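Biologist: I'm new to this one. Could you walk me through it?

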Amino acid sequence: MTRAQDWEALATRIAAWGRDLGFDAIGIADVDLGPEETRLMNWLAAGRHGEMDYMARHGATRARPAALVPGTIRVIIARLQYWPEDAESPAGILADSRRAYVSRYALGRDYHKVLRGRLAKLARRIEDEVGPFGHRVFTDSAPVLEVALAAKSGIGWRGKHTLLLTREAGSYFFLGEIYTDLPLPVTPPATAHCGTCTACIAACPTGAIVAPYELDARRCISYLTIELAGSIPETLRPLIGNRVYGCDDCQLACPWNRHAVATREDDFARVRHGLDGATLVEVFGWTEEEFLCNTEGSAIRRIGYERWLRNVAVAMGNAAPERSMLDALEKRADDPSPLVREHVAWALVRQRERAVTPG
């Protein structure tokens with residue numbers, strides 16, 4: 001058997017090992033991201049990354065895998081579904097302004113921990129086969145253009161909302177990568193199947209998808225509720241509705257997600273602390289200790305208590321007027337945090353303006 005055949009056989013085994021570890025798909029990409037580098041630099045130059053300064057700091061490194069991990073010539077990409085089939089209906093929660101909407105990916109265990117552990121096991125399997133080799137594992141933990149790499153590897157294509165899409169599983173999945181110096185054969189890219197559909201663009205509450213394949217993060221609800229550290233722009237607050245952590249609207253509208261596959265991972269399938277339908281008053285009443293307890297092992301914890309209260313206050317300002325919400329907001333009117341006080345004051349004005357005057 002030739003050396004090329006050896007690498008081909010290894011790639012086949014890697015795909016099988018990945019399935020054994022619970023991954024839904026494995027692809028292999030080369031590291032030529034020239035066109036994506038141009039796209040990235042134009043996006044940064046337009047300021048569409050907002051306050052995510054780390055993106056600008058890393059700059060072109062994101063599009064040059066070998067600059068991030070010297071010696072890298074291939075990237076192994078893994079896909080893992082997260083759709084929690086037994087969680088309450090997103091449509092029902094979004095339609096009830098009294099309840100808190102949390103992005104479906106964050107209802108279970110923090111994906112960083114799950115994917116990193118699984119990818120490390122895959123790397124050890126490869127090492128058992130070939131001996132020590134150059135590699136590094138990433139799970140949304142470094143400047144990696146994972147959608148571009150995943151598209152090159154054939155496990156999906158970039159949708160108009162900028163997320164990766166697949167015909168058989170929609171877009172409800174996580175991605176993780178192993179940068180490696182092994183000369184593995186690459187898997188062919190997938191063809192795109194968005195066609196003339198613009199459902200995701202029309203569904204975005206804030207108009208953050210400014211054109212097909214172009215996202216202005218500064219308007220994205222996921223950015224506003226997770227990445228943004230300071231005040232949420234007043235003009236955008238009413239558009240956030242009751243979304244307190246992330247947003248799924250572009251994915252919920254996508255026709256390919258009619259075929260979304262429920263996760264087989266208990267860590268993602270099991271909703272923690274009833275967060276698939278808790279009321280705004282309930283989660284706004286959490287003490288910091290309760291917030292930390294109720295978000296233990298969750299991706300939600302990363303935003304911290306202050307931003308959590310900020311987000312929930314905005315959602316309460318958008319909710320139908322209710323005495324319990326007014327009471328809860330008034331209790332935090334003098335919160336120690338200026339950020340929380342600002343958003344509570346805004347929400348109080350909104351609640352009071354729309355309150356029904358007794359006849």
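Biologist: Which residues of H2 are buried?

Modeller: This is a predicted model, in which local features need pLDDT of at least 70, side-chain atom pairs count only at pLDDT 80 or more, and totals for chains, interfaces and linings use all residues. Residues are numbered from 1 along each chain as its sequence is written, and side-chain values use heavy atoms, with hydrogens and water left out. Buried means under 20% relative accessible area and exposed over 50%, with partly exposed in between (1.4 Å probe, protein chains only). In H2, a helix (a DSSP run, H or I, of at least four residues; strands are E runs of at least two, and both are numbered from the N terminus), the buried ones are Glu-36, Glu-37, Leu-40 and Leu-44.

Biologist: Which exposed residues sit on the face of H2 turned away from its buried side?

Modeller: The buried residues of H2 are Glu-36, Glu-37, Leu-40 and Leu-44. They cover an arc of only 105° around the axis (taken from the directions from the helix axis to the C-beta atoms), so they lie on the same side of H2. The face turned away carries Pro-35, Asn-42 and Ala-45.

Biologist: Why is helix H7 largely enclosed by the rest of the structure?

Modeller: Its buried residues are Val-147, Ala-148, Leu-149, Ala-150, Ala-151 and Ser-153. Elements covering them include H2, E1 and E7, where contact means heavy atoms within 4.5 Å. H7 spans residues 146-153 and is largely enclosed because the buried ones number six of the eight.

Biologist: Which residue just after H7 takes a positive phi?

Modeller: Look just past the end of H7, where phi is about 90°. The residue there is Gly-154.
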